[in-house]
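Student: I should like to work through this protein chain with you, beginning with its strands. May we place the model before us?

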Amino acid sequence: MSILYKAIGRTQPGVAGGGQIKYYAGIKREREVTLREMVKEISSRSTVTTADAMAVIENFLELVPKFLRNGRSVNLGQLGSFRVNISSKGYDTPDEVGNYSIKRNKISFLPSAEMRENMGTVKYTKYTELSSTLLSNESDDV
């Protein structure tokens with residue numbers, strides 16, 4: 001299997017009229033996998049029912065934000081870890097920094113080394129109508 005990519009034209013930012021168009025490789029996004037599809041796949045690969053798999057994922061979706069709201073990071077081993085980062089206004093002295101300094105928060109996900117290594121072996125195929133048909137037939141075998 002491989003990831004399809006296509007040439008995407010982009011103009012130069014800040015140049016009147018867009019400037020010269022340059023082409024970059026960009027991923028040809030396929031239809032996303034839904035939660036229901038993921039649950040069915042987990043159920044078909046294990047002894048748990050679809051309802052059991054859904055219950056586990058529902059609990060996961062409730063617990064991750066709970067731990068993040070309490071200032072904890074969530075380490076999921078071979079998958080990676082979630083943590084909260086904040087953006088703040090800068091001040092001249094530590095005493096000036098307070099709750100009002102925080103502009104926003106952002107949840108970050110850092111994939112594990114194993115996940116990054118696994119993605120290092122990805123193959124890429126330039127998108128054509130033929131490659132799209134071949135890959136969609138191949139993905140049904142997963």
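**Strands, sheet and overall form**

Tutor: Strand β3 (residues 74–75) and strand β4 (residues 80–88) run antiparallel and are joined by 2 bridges. Strands here are DSSP runs of E with at least two residues, helices are runs of H or I with at least four residues, and both are numbered from the N terminus. Two strands pair if DSSP finds at least two bridges between them. The model is predicted, so local features need pLDDT of at least 70 and side-chain atom pairs count only at pLDDT 80 or more, while totals for chains, interfaces and linings use all residues. Residues are numbered from 1 along each chain as its sequence is written, and side-chain values use heavy atoms, with hydrogens and water left out.

Student: Which residue of β4 stands opposite N75?

Tutor: β3 and β4 form a hairpin with 4 residues between the strands, and G77 takes a positive phi near 60° there. Across from N75, in β4, stands S81.

Student: How many bridges join β4 to strand β5?

Tutor: β5 covers residues 102–111 and runs antiparallel to β4. Among the bridge partners, F82 is matched with F109 in β5, and G80 with P111. The number of bridges joining β4 to β5 is 9.

Student: In what order do the 3 strands form the open sheet?

Tutor: Strands of a sheet pair through backbone hydrogen bonds, either parallel or antiparallel. In this open sheet the pairing is antiparallel, and the order is β3-β4-β5. Because β3 and β5 stand at the edges, each with a single partner strand, one side of each is left without a neighbour in the sheet. The order asked for is thus β3-β4-β5.

Student: In what order do the elements of the protein chain run from the N terminus?

Tutor: The protein chain holds 4 helices and 6 strands. From the N terminus on, they run β-β-α-α-β-β-β-α-β-α.

Student: What is the radius of gyration of the protein chain?

Tutor: This value is taken over C-alpha atoms, and the globule rule is 2.2 Å times the number of residues to the power 0.38. The C-alpha trace spans about 60 × 55 × 25 Å along its principal axes. A compact globule of 142 residues would have a radius of gyration near 14 Å, but the protein chain has 22 Å.

Student: What percentage of the residues of the protein chain count as buried?

Tutor: Buried means under 20% relative accessible area, exposed over 50%, and partly exposed in between, with a 1.4 Å probe and protein chains only. Of the 142 residues, the buried share is 13%.
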